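Here are two short exercises to work through with the model open beside you. Try each task before reading its solution.

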Amino acid sequence: MEILLVFPVFIFIFLIILACSGIRVVPQGSAYVVERFGRYSQTWNAGLHIMIPLIDRVARKVLLKERVADFAPQPVITKDNVTMQIDSVVYYMVVDPRLYSYGVENPLLAMENLTATTLRNIIGDMTLDETLTSRETINSRMLQTIDLATDPWGIKVTRVELKNIMPPAAIRESMEKQMKAEREKRAQILTAEGHKQAMILEAEGHKESAVLEAEAKKQATILAAEAEKEKEIREAEGRAEAILKVQEATANGLKMLKNAEADESVIRLKSLEAFAKAADGQATKIIIPSDIQGAAGLVSGITEAIKK
């Protein structure tokens, strides 16, 4: 009787454990592919899900985050028969967990082989120089080809990059020599350009100096001429003012004589003095009127009498 009572309890506990085992929590950035009786049933996204125990099972857990596949270097031959080692990096993400689970057996290996094949096809149509200078073109062509080929596998290729391009040692040595020669050539050209520019600047400096010197001399000549002109004007004004003063003094003297009612002999003496001043070492010959000559003789006689 006790066994019959305990048996339902065990059954109840077993059912609870079985029900709890059917509860699944899918983390963010992941997806679960669920099969029922061995066939695809549904895809669980992030969140809480319940499956039927012993009937449903999680066939594959798929990571939906973007991932990086770094593939080993692959030997490739260029159009001009140069063998190189090129390794590439592919950025991809799973967009369809069902196709990713059932589309191809090993998606990563399949993508690696596809990348190597595509790389060989692209590099085979390019020369060595084109390969070394056309990374962006190669990346773009590989991205288009690989992304289109991986669509049936539920994979989205977001970016393809050539990581390293390694030509043979002899080619690298030749390229280094060529680059060295190019650098030396550019250095010589730059040196010559520098000398040329320096000579041009020096010539322009001499020209500018000569122009400034000529301008300074011209300015000095103009200033000297203006100074000489100003001096002559000042001297002329001085002489004119002196003559004007003499004339004013003479006029004032005559006016004073007239006001003093001087007789004829005084006037003749003043006239004689005026002629004497006029002949003060400046004239070699002076013509004296006859009426003044008599006065001059009279004055001379009086002077001699006084000296005796």
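**Exercise 1.** Work out whether D56 is buried or exposed, then find its partners.

*Solution.* Start with the surface: D56 has a relative accessible area of 6%, so D56 is buried (buried means under 20%, exposed over 50%, partly exposed in between, with a 1.4 Å probe and protein chains only). This is a predicted model, in which local features need pLDDT of at least 70 and side-chain atom pairs count only at pLDDT 80 or more, while totals for chains, interfaces and linings use all residues. Residues are numbered from 1 along each chain as its sequence is written, and side-chain values use heavy atoms, leaving out hydrogens and water.

Next, place D56 in strand β5 (residues 56-63); strands are DSSP runs of E with at least two residues, helices runs of H or I with at least four, numbered from the N terminus.

Finally, list the contacts (heavy atoms within 4.5 Å). Neighbours within four places in sequence aside, D56 touches V34, E35, R36 and M51.

**Exercise 2.** Find which rings form the one aromatic pair in the whole structure, and classify their geometry.

*Solution.* First, the rings are those of Y40 and Y102: their centres are 6.0 Å apart and their planes at 80 degrees, so the pair is edge-to-face (Phe, Tyr or six-membered Trp rings with centres within 6.5 Å; planes under 30 degrees apart are stacked, over 60 edge-to-face, the rest tilted).

Second, Y40 belongs to strand β3 (residues 39-44) and Y102 to helix α2 (residues 97-102), so the pair ties together parts 62 residues apart in sequence.

Third, check accessibility: Y40, at 33%, is partly exposed, and Y102, at 42%, is partly exposed.
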